[in-house]
Amino acid sequence: MKYKVTLNKRVYEVEVEEGSAMLVDEYELAAPAAPAAHAAPAPEAVAAAPDAAAAPAAPAAAGLAAGEVVKAPMPGNVLKINVAQGQTVKEGDVLLVLEAMKMENDITATKSGTVAQIVVAKGAVVETGSALVVIA
């Protein structure tokens, strides 16, 4: 059977042999994002204990320091964090390395300033638009 599939606004024609196709609804496609969503309640529960290591993984909408938020340009895994809170950075400095589709992507400072907050932890899974670092 032939199907037309749209991915990133591009249309592809896909041919599948009978018996080998598997129908997946949108809910199942969104399931991989669920673990990241489940991770959000844990930092809120840990918020009472500020010494906990999971605290930097706080949700992007709550508890961000004042300043410019550097956001993830794509979904991926945080491989390295190259800065520390309070560190002075220049525009273009590499803040962290994000692995996406088996490629390492440097996430750079969007302005010069001081790192006010590191929102994610090494090993965290982030979605497009997730807050990574706040620069004051």
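Visitor: In what order do the strands of the open sheet that contains strand 9 stand?

Guide: The order of its four strands is 7-6-4-9, and their pairing is antiparallel. A strand here is a DSSP run of E with at least two residues, a helix is a run of H or I with at least four, and both are numbered from the N terminus. This is a predicted model, in which local features need pLDDT of at least 70 and side-chain atom pairs count only at pLDDT 80 or more, whereas totals for chains, interfaces and linings use all residues. Residues are numbered from 1 along each chain as its sequence is written, and side-chain values use heavy atoms, with hydrogens and water left out.

Visitor: Why are strand 7 and strand 9 said to stand at the edges?

Guide: Strand 7 (103-108) and strand 9 (125-126) each have a single partner strand, so one side of each lacks a neighbour in the sheet.

Visitor: How do you know that strand 4 and strand 9 are paired?

Guide: Two strands pair if DSSP finds at least two bridges between them. Strand 4 (residues 76-81) and strand 9 run antiparallel and are joined by two bridges, so the requirement of at least two is met. Within this pairing, Asn77 lies opposite Val125, and Gly76 has Val126 as its bridge partner. Strand 4 also pairs with strand 6, in the antiparallel sense, over four bridges; there, the bridge partner of Asn77 is Glu99.

Visitor: What holds paired strands of a sheet together, in general?

Guide: Strands of a sheet pair through backbone hydrogen bonds, in either a parallel or an antiparallel arrangement.

Visitor: Why is Ala124 called buried?

Guide: A residue is buried under 20% relative accessible area, exposed over 50%, and partly exposed in between (1.4 Å probe, protein chains only). The value for Ala124 is 17%, so this residue counts as buried. Ala124 belongs to the loop between strand 8 and strand 9.

Visitor: Which residues does Ala124 touch, apart from those up to four places away in sequence?

Guide: They are Gly76, Asn77 and Val78, where contact means heavy atoms within 4.5 Å. Ala124 and Asn77 are 47 residues apart in sequence, yet their C-alpha atoms are 5.7 Å apart in space.

Visitor: Is Asn105 of strand 7 buried or exposed?

Guide: Asn105 has a relative accessible area of 19%, so the residue is buried. Apart from residues up to four places away in sequence, Asn105 touches Met74, Leu96, Val97, Leu98 and Ala100.

Visitor: What makes the approach of the Asn105 side chain to Met103 a polar contact?

Guide: A polar contact is a pair of N or O atoms within 3.5 Å; within protein, one must be able to donate a hydrogen and the other to accept it, and residues adjacent in sequence count only if both atoms are side-chain atoms. The side chain of Asn105 reaches the backbone oxygen of Met103 at 3.2 Å.

Visitor: What is the strand order of the open sheet that contains strand 10?

Guide: This open sheet has four strands in the order 3-10-8-5, with antiparallel pairing. Its edge strands are strand 3 (68-71) and strand 5 (88-89), each of which pairs on one side only. Strand 10 pairs with strand 3 over four bridges, with Val70 opposite Val133. Three bridges join strand 10 to strand 8, and there Val115 lies opposite Ile135.

Visitor: Why is strand 10 described as largely enclosed?

Guide: Five of its five residues are buried, so strand 10 is largely enclosed by the rest of the structure.

Visitor: Which residues touch the most other members of the largest nonpolar core?

Guide: Such a core is a set of buried Ala, Val, Leu, Ile, Met, Phe, Trp, Tyr and Cys residues joined through side-chain atoms within 4.5 Å. The largest one has 18 residues, and Leu95, Leu132 and Val133 touch the most other members. Strand 6 (94-100), strand 8 and strand 10 (131-135) each give two or more residues to this core. Beyond its neighbours within four places in sequence, Leu95 has contacts that include Val70, Ile81, Val89 and Val133.

Visitor: How confident is the predictor over the chain?

Guide: The pLDDT, which is the predictor's confidence in each residue from 0 to 100, averages 75, and 65% of the residues score at least 70. Over residues 25-61 the pLDDT is below 50, and this stretch has 16 contacts in the model beyond near neighbours in sequence.
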